[in-house]
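Dear colleague,

I am handing over the structure that we spoke about, and below it you will find what came out of the look at its ligand site, its pocket and its cavities. Please read the notes with the structure open beside them.

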Amino acid sequence: MQYTFASRMEKTPRSFIREILKVTQRPEIISFAGGLPNPALFPVKELAETAEKVIVEEGTAALQYATTEGHPPLREWIAERYKKRLGLEISPDEILITNGSQQCLDLIGKIFINKDSVVALERPGYLGAIQAFSMYEPKFSTISLTSEGPDIHELGQVLDKDKPCFFYGVPNSQNPSGITWSRENRKAVAERLERAETVFVEDDAYGELKFRGEQMPSMKELIPELTVMTGSFSKIIAPGMRMGWICAPTPILEQAVTVKQGTDLHSNILSQRIISRFLANYPVDAHIARISAAYESQCDCMLSAIQSEFPEGVSYTRPDGGMFIWATLPKGYSSMELFDRAIKKDVAILPGLPFYTDGGGSDTVRLNFSNSTPERIEEGISRLGQVLREYLKETPELHAA
Ligand code: PMP
């Protein structure tokens, strides 16, 4: 049967990650390809106790339709958390609860993108955002990500020439690169965006998972009227709950509420009430500190294995939070080829290509450290080091190029 799909489907990149993950799910594979949090840190017992209480004590409300904006105590908790963590004055009315923060990206796309509008992104940029925005058929303009954050000169050019409908970025421990924008860089980005009156979409999926370095000001602090923030409970509680939020100036939030009504009426109220009660009854700061400490040791384990096992010429980032290290092969070497070679040794990596909208990035690799034990990290990186050394030795002409 030949089905006729909407033309927008042609422009949406097929989930390359999903294809790769199919290969990597065999138990013998040591996989650094996915992006899963460490399940040993999910508060399973606490959520079980809380879920029972919610159903027994709030059952009729927890199983009924609810408001689109979300459960008021949960919105209040998020507003207070912004005050405590980032010193931001946010009203609970500026928060809309969503089905994971991934849904925020879809709602933002629906609100802002016309066909052929320009969307500005970091290069590399978060694959899930590229996928979500692609549905609305934009053109992408990308801004190179340096170790300090987006290249300010390129940002200025994109803002002047392309007039993007917004700039989307992940200033804290970015997916895929692990890079955190510096203080100076944030100020410079904010200043350019303010001058161009361009909205910034600040994806803060990893802000709570910062395990070293000083806390940076959020873009919301620097340009509050222009910033739409997205947040998530996936990395600090559990992704299966599918809970996230948008925090935006009222006129933008109202549009998001309207769009969300058409999409799914409201987010799962049972999950909202379980999370809200969990946050009220358990020591959340200690729980988050435990996750951050575990990720720090997993990250450090991978970094020291890389340092001793990877050949010279492979560069990599040293994240201060999040779940990923980003490696770049010497010029001319291909991460797809590396994937093929590594999978034969039962190690999976994620080639960086899908994080680029312009066909670049063929020499980049994303490595996830949050979902492997130290033993598997050491063993996997050791095998990957061997594969890399062989690859570089067999094709020295590339190395010399
Ligand atoms: N933004 C970024 C940068 C992410 O890495 C992810 C998850 N990989 C998301 C958003 C979406 O997460 P969720 O929908 O679970 O909140």
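Helices in what follows are DSSP runs of H or I with at least four residues, numbered from the N terminus. Please also keep in mind that this is a predicted model.

With that naming, helix α5, which spans residues 100-112, gives the most to the shell around the ligand, namely three residues. The shell holds 13 residues, and the closest of them to the ligand are S101, D203, Y206, S232 and S234. Sorted by class, the shell has four nonpolar, six polar and three charged residues.

As for polar contacts, a backbone N or O atom of S101 lies 2.7 Å from an oxygen atom of the ligand, while an N or O atom in the side chain of N175 is 2.8 Å from a ligand oxygen. For Y206, an N or O atom of the side chain is found 2.5 Å from an oxygen atom of the ligand. On its own the ligand has 400 Å² of accessible area, of which the protein covers 91%.

The space that the ligand takes is the largest pocket, and about 1200 Å³ of space lies in that pocket. It is lined by 41 residues, and those closest to the centre of the pocket are I17, L21, G34, G35 and L36. Two or more lining residues come from each of α2 (16-24), β1 (30-31), α5, α6 (127-134) and β14 (364-368), with α2 providing the largest share, four residues. The lining of this pocket comprises 16 nonpolar, 18 polar and seven charged residues.

Turning to enclosed space, the structure holds three cavities of 30 Å³ or more. The largest cavity has a volume of about 150 Å³, and of the 16 residues that line it, R85, D204, E208, S232 and W245 are the closest to its centre. The elements that give two or more residues to this lining are α4 (72-86) and β8 (227-232), and the largest share, five residues, comes from α4. Eight nonpolar, three polar and five charged residues make up the lining of the largest cavity. S232 thus appears both among the residues closest to the ligand and among those closest to the centre of the largest cavity.

The second largest cavity has a volume of about 40 Å³, and its lining consists of P37, N38, L41, F42, S234, K235, I237, I291 and Y295. By class, these are six nonpolar, two polar and one charged.

With best regards

Terms used:
Residues are numbered from 1 along each chain as its sequence is written. This is a predicted model: local features need pLDDT of at least 70, side-chain atom pairs count only at pLDDT 80 or more; totals for chains, interfaces and linings use all residues. Side-chain values use heavy atoms; hydrogens and water are left out. A residue is near a molecule or strand if one of its heavy atoms lies within 4 Å of it. A polar contact is a pair of N or O atoms within 3.5 Å; within protein, one must be able to donate a hydrogen and the other to accept it, and residues adjacent in sequence count only if both atoms are side-chain atoms. Accessible areas come from the Shrake-Rupley method with a 1.4 Å probe; for residues, only the protein chains shown count as cover. On a 1 Å grid over the protein atoms alone, a cavity is a set of points where a 1.4 Å probe fits but cannot get out, and a pocket is an open set with protein on both sides within 12 Å along at least five of seven lines; lining residues have an atom within 4 Å of a point. A molecule sits in a cavity or pocket if more than half of its atoms lie within 2 Å of its grid points. Ala, Val, Leu, Ile, Met, Phe, Trp, Tyr, Cys and Pro count as nonpolar, Asp, Glu, Lys and Arg as charged, and the others, Gly among them, as polar. Grid points are joined across faces, edges and corners, and a volume is the space filled by probe spheres set on the points.
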